[in-house]
Amino acid sequence: MRYDADSGLHIDNWHDTAEQRLKMLAELGLDGTPDAEFDRFAAQVSAAFAAELGAEGQGLYAMVNLFLRERQTFAGLHNPPGARPADRTMAPDHGFCPEMLDRTKALVLADVCAKPQFASNPVVDRLGVRAYAGAPLILGPTDTVVGSVCVIGTRPMPNQTRQVSLALIKQHRDALLELLDQRGRAGGRLGTSYQGG
């Protein structure tokens, strides 16, 4: 649980809701295996950043990240042409999505090394991650965090790209939630709804 200073309450974080998260993912037919539709979606996210940010947005990795019991898994993954391919799975505490999920709000880091708490993350040295933008996938009616949509880059981005990056990642988060809603309805499951920032 985390303490929310605004409300004065202790709030469950994504670690505390594993059973609910896994149940919701199962109801949507998502088990973390690679998904061609999510791969295409990730490629569209990367392309949108390139189109909006020009040279600064070129060559970004993009992921549809689902949090399973003991790992993060990229059910959707876009590796930039010519770049070292990213693995489809990662430890649950590596990267910046866990930090963003605990906050339950979108997070943009134009330069992850600008703050010590982010600069020490294992992906900085191991993968060379220097920029990040991500938004949580929160499903109703229980407001359960099931994963994220994110982009990462291997070079820092100018601070002036932060607002555009935030708008883009939230826009694509909303589109992905709509896609999940359609899948849920097509499978005869309850639709999803989003609550969060």
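What follows is a friendly dialogue about reading a predicted model of one protein chain.

Trainee: Where do I begin? How many helices and strands does the chain have?

Mentor: Begin with a count of the elements, then read their order. This model is predicted, and its chain has six helices and eight strands. Read from the N terminus, the elements go β-β-α-α-β-β-β-α-β-α-α-β-β-α.

Trainee: Next, the strands. What is the order of the strands in the open sheet?

Mentor: Read a sheet from one edge across to the other. Here six strands lie in the order E5-E4-E3-E8-E7-E6, and their pairing is antiparallel. E5 and E6 are the edge strands with a single partner each, so one side of each has no neighbour in the sheet.

Trainee: How do I follow the pairing in detail? How many bridges join E3 to E4?

Mentor: Take one pair of strands at a time. E3 and E4 (residues 72–78) run antiparallel and are joined by six bridges. Within that pairing, Leu66 has Thr73 in E4 as its bridge partner. Further along the sheet, E7 and E8 (residues 144–153) also run antiparallel, with nine bridges between them. E6 (residues 107–109) pairs with E7 over three bridges, again in the antiparallel sense.

Trainee: Which residues stand opposite Tyr132?

Mentor: On the E6 side, Leu109 stands opposite Tyr132 in E7. On the E8 side, Tyr132 stands opposite Ile152.

Trainee: And what happens where E7 turns back into E8? Which residue there takes a positive phi?

Mentor: Look at the residues that link the two strands. The hairpin of E7 and E8 has four residues between its strands, and Asp143 takes a positive phi near 55 degrees.

Trainee: Is E7 mostly covered or mostly open?

Mentor: There is a general idea to keep in mind for strands. In a regular strand, side chains alternate between the two faces of the sheet. Now the case here: E7 (residues 131–139) is mostly covered, with nine of its nine residues buried. For the chain as a whole, buried residues make up 47% of the 197 residues.

Trainee: What lies inside? How many residues does the largest nonpolar core have?

Mentor: To read a core, ask which residues have the most contacts and which elements supply them. The largest nonpolar core has 34 residues, and those with the most contacts inside it are Phe38, Val45, Phe49, Ile169 and Leu176. At least two residues of this core come from each of H1 (18–27), H2 (36–53), E3 (61–67), E7, E8 and H6 (162–186). The most come from H2, which gives seven residues. There is also a second, separate core of 22 residues, with Phe67, Met90, Val112 and Ile138 among them.

Trainee: Could we follow one core residue? Which residues is Leu176 in contact with, beyond its neighbours in sequence?

Mentor: Leaving aside neighbours within four places in sequence, Leu176 is in contact with Phe38, Phe41, Val64, Leu137 and Val149. For the wider picture, take the chain's contacts with a separation of 6 or more: 60% of them join residues 24 or more positions apart.

Trainee: I also see aromatic rings. How many aromatic pairs does the structure hold?

Mentor: For a ring pair, read the distance between the centres and the angle between the planes. The structure holds two aromatic pairs. Phe96 and Phe118 form an edge-to-face pair, 6.0 Å centre to centre with 70 degrees between the planes. Phe96 is in the loop between E5 (89–90) and H3 (97–103) while Phe118 is in H4 (residues 116–119), so this pair ties together parts 22 residues apart in sequence. Phe96 and Tyr132 form a tilted pair, 5.6 Å centre to centre with 55 degrees between the planes. Since Tyr132 lies in E7 and Phe96 in the loop between E5 and H3, this pair ties together parts 36 residues apart in sequence. Phe96, Phe118 and Tyr132 form one aromatic cluster.

Trainee: Are those rings buried or exposed?

Mentor: Check the relative accessibility of each one. Phe96 is buried at 3%, Phe118 is buried at 4%, and Tyr132 is buried at 3%.

Trainee: Last topic: cysteines. How many disulfides does the structure hold?

Mentor: A disulfide is a covalent bond between the sulfur atoms of two cysteines. This structure holds zero disulfides. Cys150 is in none, and the nearest cysteine sulfur, that of Cys97, is 3.8 Å away. The cut-off for a disulfide is 2.5 Å between the sulfur atoms. Cys150 is buried at 3% relative accessibility, whereas Cys113 is partly exposed at 33%.

How values were computed: Residues numbered from 1 in each chain as written. Predicted model: local features only at pLDDT ≥ 70, side-chain atom pairs only at ≥ 80, totals over all residues. Heavy atoms only, no water. Buried < 20%, exposed > 50% of the residue type's maximum accessible area, 1.4 Å probe, protein only. Pairing = 2+ DSSP bridges. Core = buried A, V, L, I, M, F, W, Y, C linked by side-chain atoms within 4.5 Å. Contact = heavy atoms within 4.5 Å. Phe/Tyr/Trp six-rings, centres within 6.5 Å; stacked < 30°, edge-to-face > 60°.
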